[in-house]
Amino acid sequence: LVNLTYLMKRLWLKDVTTSDAEVQRVYDMMAAVYADRANQSPMPLSCELNDGNDPTYAGRMWSAAVMFMITDPLFLTW
């Protein structure tokens, strides 16, 4: 959660704490991305984030979090 607050500060220029609802919302989304990927069959090697180079799904989770944050109006309007 601390890493999420750091990322939100850098991308949204907004001070948040680990207990803020926005932080929890992004964390829940990351957990859902992890659970979705963990329950799927292995990804083909031609996929950019596959089981060979992202075995813990961390890249996929953080990619989803960054995509969410940079498409949010808080990022687009500063």
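What percentage of the 78 residues of the protein count as buried? In this predicted model, the share of residues that count as buried is 26%. The protein exposes about 5,200 Å², and carbon and sulfur atoms supply 61% of that area. The secondary structure consists of four helices and zero strands, so that, read along the sequence, the elements follow the pattern α-α-α-α. Among contacts in the protein with a separation of 6 or more, 46% are accounted for by residues 24 or more positions apart.

The confidence of the prediction was considered before individual features were examined. The protein averages a pLDDT of 85, and 87% of the residues score at least 70. Confidence is highest in α1, at a mean of 92, and lowest in α4, where the mean is 82. As a general caution, predicted coordinates should not be read in detail where pLDDT is low.

The nonpolar interior was examined next. In soluble globular proteins, nonpolar side chains tend to be buried together. In the present model, the largest nonpolar core has 13 residues, and those with the most contacts inside it are L4, M8, V26, M30 and M69. Helices α1 (2-12), α2 (21-38) and α3 (58-70) each supply at least two residues of this core, and the largest share, five residues, comes from α1. For M8, which is among the core residues with the most contacts, the partners beyond four places in sequence are L13, K14, V16, E22, V23, V26 and M69; two of these partners, V26 and M69, are themselves listed among the core residues with the most contacts.

Contacts across the chain were also found at F68, a residue of helix α3 that is partly exposed, with a relative accessible area of 28%. Residues up to four places away in sequence being set aside, F68 touches W12, R25, V26 and M29. The C-alpha atoms of F68 and M29 are separated by 9.3 Å, although these residues stand 39 residues apart along the chain. A further pair is formed by A38 and P55, which are 17 residues apart in sequence and 9.7 Å apart in space, C-alpha to C-alpha. Of this pair, A38 has its place in helix α2 and counts as partly exposed at 35% relative accessibility.

Charged side chains were then surveyed. Side chains of opposite charge can pair when their charged atoms come close. A search of the whole structure finds two salt bridges. In one of them, the side chains of K9 and D15 meet with an N to O distance of 3.1 Å; K9 is partly exposed, its relative accessible area being 32%, whereas D15, at 63% relative accessibility, counts as exposed. In the other, K14 pairs with E22, and the closest N and O atoms are 2.8 Å apart. Both members of this second pair fall in the partly exposed class, K14 at 28% relative accessibility and E22 at 21%. K14 and E22 also appear among the residues touched by M8, a residue with many of the contacts inside the nonpolar core.

A contrasting case is provided by D72, which lies in the loop between α3 and α4 (73-76). D72 is buried yet has no salt bridge, and the nearest side chain of opposite charge, that of R25, is 4.4 Å away. Because a salt bridge requires a side-chain nitrogen of Lys or Arg within 4 Å of a carboxyl oxygen of Asp or Glu, the 4.4 Å separation of D72 and R25 does not qualify under that cut-off. D72 nevertheless touches R25, as well as W12, when residues up to four places away in sequence are not counted. W12 and R25 are likewise among the residues touched by F68.

Finally, the backbone was inspected for positive phi values in residues other than glycine. One such residue is L13, with phi near 55 degrees; L13 has its place in the loop between α1 and α2 and, at 52% relative accessibility, counts as exposed. Another is Y57, with phi near 65 degrees, which is found in the loop between α2 and α3. In contrast to the exposed L13, Y57 is buried, with a relative accessible area of 16%.

Key. Residues are numbered from 1 along each chain as its sequence is written. This is a predicted model: local features need pLDDT of at least 70, side-chain atom pairs count only at pLDDT 80 or more; totals for chains, interfaces and linings use all residues. Side-chain values use heavy atoms; hydrogens and water are left out. Buried means under 20% relative accessible area, exposed over 50%, partly exposed in between (1.4 Å probe, protein chains only). A nonpolar core is a set of buried Ala, Val, Leu, Ile, Met, Phe, Trp, Tyr and Cys residues joined through side-chain atoms within 4.5 Å. Contact means heavy atoms within 4.5 Å. Accessible areas come from the Shrake-Rupley method with a 1.4 Å probe; for residues, only the protein chains shown count as cover. Lys and Arg count as positive and Asp and Glu as negative; His and the chain ends are not counted. pLDDT is the predictor's confidence in each residue, from 0 to 100.
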